[in-house]
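Let's take a walk through a protein chain together. Have the sequence and the 3D view ready, and we will begin with a single residue before stepping back to see the whole.

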Amino acid sequence: MTILQTRRRFLMSAASVAALGGLSTLLPAVARPAWAAAPLRLAVERRVLEVMGKPASVFGIRQPDGTSGLVLDPGQRFLVDLANRAGEDAVIHWHGMTPPYAQDGVADANRPLIRDGASQSYDFEPRPGTHWMHSHHGLQEQRLMAAPLIVRTAEDRRADVQEVTVLLHDFTFKDPAEVLAGLTGGTMKHGGMDHGGGHGSGHGGHGSGHGGAMPMMDHSTMKGMGGMTMDAMDLNDVEYDAYLANDRTLDDPEVVRVERGGRVRLRLINGATSTAFHIDLGALDGTVVAADGNPVQPVTGRRFGMVMGQRLDILVQLPAGGGTFPVLAQREGERQRTGIVLATPGAAVGRTAGLADGAARPVDLSLERLLAALNPLAPRPTDAAFTIRLTGGMAPYVWTIDDRPFGEHRPLTVRKGQRVTVTMVNESPMAHPMHLHGQHFQVTALNGTALAGAVRDTVLVPMDGSATIAFDADNPGRWPLHCHNLLHMATGMMTELVCEQTI
């Protein structure tokens with residue numbers, strides 16, 4: 001299929017959505033610049049990954065040379081041909097990008113999946129920063145259908161800094177559909193658009209069937225619903241077999257060689273399905289310089305919380321004497337951790353234990369309260385304000401918005417150009433990382449306290465807490481707003497922001 005034919009299909013899809021979903025005009029396509037001669041090629045394909053000495057059949061999103069994901073140079077367009085060789089239908093969402101609606105990488109009644117053996121083309125202006133790509137169909141993301149998506153700036157190129165990208169995952173040898181069935185009791189209400197339901201990706205086994213992910217088990221006499229402790233229930237849905245950093249555990253971590261006295265920009269991506277992490281820099285001081293790809297006022301520390309879907313760019317200065325420096329990610333509420341090792345030339349690399357000395361506390365809003373955007377929203381009155389409630393719970397295992405699962409949801413409807421605020425109030429027994437497609441927002445209040453926070457696309461809403469976000473609705477389309485815990489999204493915690501094109 002030619003790029004022209006593909007673009008025509010995108011336009012036809014957008015026109016259909018406009019007619020069905022209340023969009024008043026056709027969404028524009030982005031013209032390809034004359035210099036963009038050949039698209040980059042990506043393929044969604046199967047691969048075998050060894051985890052703790054056992055083979056596992058997983059997915060990958062790779063270039064022809066085997067490179068995972070993409071790194072784009074300053075000014076380079078997102079001009080990509082994506083081939084589906086996964087053995088099943090798929091669709092890839094460009095998390096952090098704000099493309100025209102039809103190119104967002106989400107399937108619905110008007111935007112089809114990429115059939116196995118077919119290809120899809122994309123052409124839009126990318127958003128700079130640290131982002132990632134992942135499946136938005138069924139439970140494929142849990143099977144590692146994900147990869148980094150880095151868009152470098154001219155300033156990145158000028159800086160004398162080594163860049164190191166780390167993609168974090170939680171991993172199970174079990175079929176993800178089996179894991180979800182263990183939580184739901186084998187029944188799940190799911191309707192409407194296919195943004196992450198438990199159907200369509202339950203096959204294609206993960207090697208050994210024993211030692212797989214299981215629902216959290218009771219560890220004390222204070223039991224909550226389903227025999228789980230209240231503490232465990234409030235933090236983690238599933239006990240995973242392993243936690244990965246760039247596809248590896250701490251039994252055999254990636255070792256990145258760095259210069260003595262050099263500077264490193266860590267591009268950290270939490271691509272886990274259901275796990276929040278504390279980033280632990282050990283002996284190194286780190287400075288957060290970007291959140292979800294957007295520059296922030298510098299915040300310095302050695303430990304930073306990071307929930308599913310979020311990204312942090314952290315600058316570290318290595319000592320002149322050199323050495324080895326683990327960069328670790330510890331699961332909230334638990335001792336399990338993963339990570340990579342930075343090592344200067346000649347430095348011996350010892351073993352780093354996969355269990356920390358003690359359990360990590362929950363990831364909270366400590367970092368979020370400190371972050372402030374370098375490029376905040378311009379002051380202006382709010383044109384459209386919404387409040388939504390994050391609802392649902394563990395028994396039955398159904399997560400909802402305003403007590404409605406996706407398919408029975410009430411979209412938030414705005415017009416292009418409006419200043420929009422959305423307050424998310426968490427009435428459920430777990431925290432939720434809430435992600436908005438198609439727009440980046442500024443965090444303007446946490447638990448009712450106003451602030452001029454970071455510009456992001458994913459924000460944590462803690463249990464019994466709230467977060468308010470603001471943005472200028474400049475991208476027409478039907479944009480999912482959902483929890484980035486895949487298991488919560490799969491059981492209903494999603495709605496839509498419908499941005500109508502003005503006449």
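What you see is a predicted model. Start by finding Q142 and looking at what surrounds this residue: Q142 touches D170, F171, T172, P176, Y240, T273 and L486, leaving aside residues up to four places away in sequence. With one of these partners, Y240, there is also a polar contact: the side chains of Q142 and Y240 are joined at 2.9 Å.

Where along the chain does Q142 lie? Follow strand β7 (129–135) to its end, and Q142 comes in the loop before β8 (146–151). Is Q142 buried or exposed? The relative accessible area of Q142 is 4%, and buried means under 20%, so Q142 counts as buried.

Now step back to the whole chain. Of its 503 residues, 58% are buried. The chain holds six helices and 33 strands. Among contacts with a separation of 6 or more, 76% are between residues 24 or more positions apart. On the outside, the chain exposes about 18900 Å², and carbon and sulfur atoms supply 53% of that area.

Let's finish inside. The largest nonpolar core has 82 residues, and L266, I279, L281, I314, L342, M434 and F471 are those with the most contacts inside it. Zoom in on F471, for example: not counting residues up to four places away in sequence, F471 touches several residues, including L377, V420, L436, F441 and L497. Apart from this largest core lies another core, of 22 residues, with F78, L82, F124 and L149 among them.

Methods
Residues are numbered from 1 along each chain as its sequence is written. This is a predicted model: local features need pLDDT of at least 70, side-chain atom pairs count only at pLDDT 80 or more; totals for chains, interfaces and linings use all residues. Side-chain values use heavy atoms; hydrogens and water are left out. Helices (H or I, at least four residues) and strands (E, at least two) are DSSP runs, numbered from the N terminus. Buried means under 20% relative accessible area, exposed over 50%, partly exposed in between (1.4 Å probe, protein chains only). A polar contact is a pair of N or O atoms within 3.5 Å; within protein, one must be able to donate a hydrogen and the other to accept it, and residues adjacent in sequence count only if both atoms are side-chain atoms. Contact means heavy atoms within 4.5 Å. Accessible areas come from the Shrake-Rupley method with a 1.4 Å probe; for residues, only the protein chains shown count as cover. A nonpolar core is a set of buried Ala, Val, Leu, Ile, Met, Phe, Trp, Tyr and Cys residues joined through side-chain atoms within 4.5 Å.
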